[in-house]
Amino acid sequence: MIEKQLVKKAYVCALEQKLTKAKNSYEIAKRDTIEAEGRMITRYDSMKTETAWLADGFLKEVKEIEQYISNIEKEREFVNVSDFVELDLLEKGEYQGTFRYKLSRYGKEKIPERMFNEVIGCFREDSVIIEENKRQMEYRIKTIEKNPDNQVVSLDSIVTIEDDYGESMYYITNYLGGIELEIEGKEIFCISKQTPIARQLLGRGQGENIIIPVNGEMECIIKNFE
């Protein structure tokens, strides 16, 4: 397997490149917004409004990527597979009960499946909205008790899967996906926890079969992970 620190370092470099591009796009959109002032030719001219929307979108992207990089550099502690978590149910701004779960797809202490993927990757004091009994329920992450378990795929895992066409490598990140890395001659796809393939991989073990919704459904096996 490729050394994980090399992957994380390359991933941060890719984020920094995206940050530079987002900053440049923001500056261009901001300038276009200023230049569009007073330029309305008819009452249907929406140039200023549209460029302002663009600028706001790029600024939001800049702040998100900056926060991602900061979190990685600080190694902020987030909820992962096999951790114990306490969730406070929020109702009208007040706590209405605390629930303690182990984040596992196995065992009697496991967190309900509907919560599993929503809670993974959250930080302490984060709020999460979970649908229960056709209602949108809001919880707050009260505590995180780390319980390292290398027996299942988690966030930050590098996973090799095999299908009829060969092997593929994925790095499951808590942040921005859609990034491809080439390290030591191998291609690694960075995917966020929200992607269908990550949802299939998280909490699974080596040798398990998973179904990936790619061009229909494809059966794969988890060959190894780190």
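In the predicted model, strands E6 (residues 166-173) and E8 (residues 186-192) are paired in the parallel sense, with five bridges between them. Within this pairing, Tyr170 has Phe189 of E8 as its bridge partner.

Both strands belong to an open sheet of six strands, in which the order is E7-E8-E6-E5-E10-E9 and the pairing is mixed. The edges are occupied by strand E7 (179-183) and strand E9 (209-212); each has a single partner strand, and therefore one side of each is left without a neighbour in the sheet. On average, and with direction ignored, neighbouring strands of the sheet are turned by 40° against each other.

Helix H1, which spans residues 4-35, lies across four of these elements, namely strand E5 (158-163), E6, E7 and E8. Relative to the edge strand E7, helix H1 runs at about 135°.

The cysteines were examined next. Zero disulfides are present in the structure. For Cys190, the nearest cysteine sulfur is that of Cys13, at 12 Å, whereas a disulfide requires the two sulfur atoms to be within 2.5 Å. Cys190 is accordingly in no disulfide. Cys220 is likewise in no disulfide, the nearest cysteine sulfur being that of Cys190, 18 Å away.

With respect to solvent accessibility, Cys190 counts as buried because its relative accessibility is 2%, the cut-off for this class being under 20%. Cys220 also has a relative accessibility of 2% and therefore counts as buried.

Note on methods. Residues are numbered from 1 along each chain as its sequence is written. This is a predicted model: local features need pLDDT of at least 70, side-chain atom pairs count only at pLDDT 80 or more; totals for chains, interfaces and linings use all residues. Side-chain values use heavy atoms; hydrogens and water are left out. Buried means under 20% relative accessible area, exposed over 50%, partly exposed in between (1.4 Å probe, protein chains only). Two strands pair if DSSP finds at least two bridges between them. Helices (H or I, at least four residues) and strands (E, at least two) are DSSP runs, numbered from the N terminus. Axes are lines fitted to C-alpha atoms, for helices over the stretch in contact, and angles run from 0 to 180 degrees between N-to-C directions. Contact means heavy atoms within 4.5 Å.
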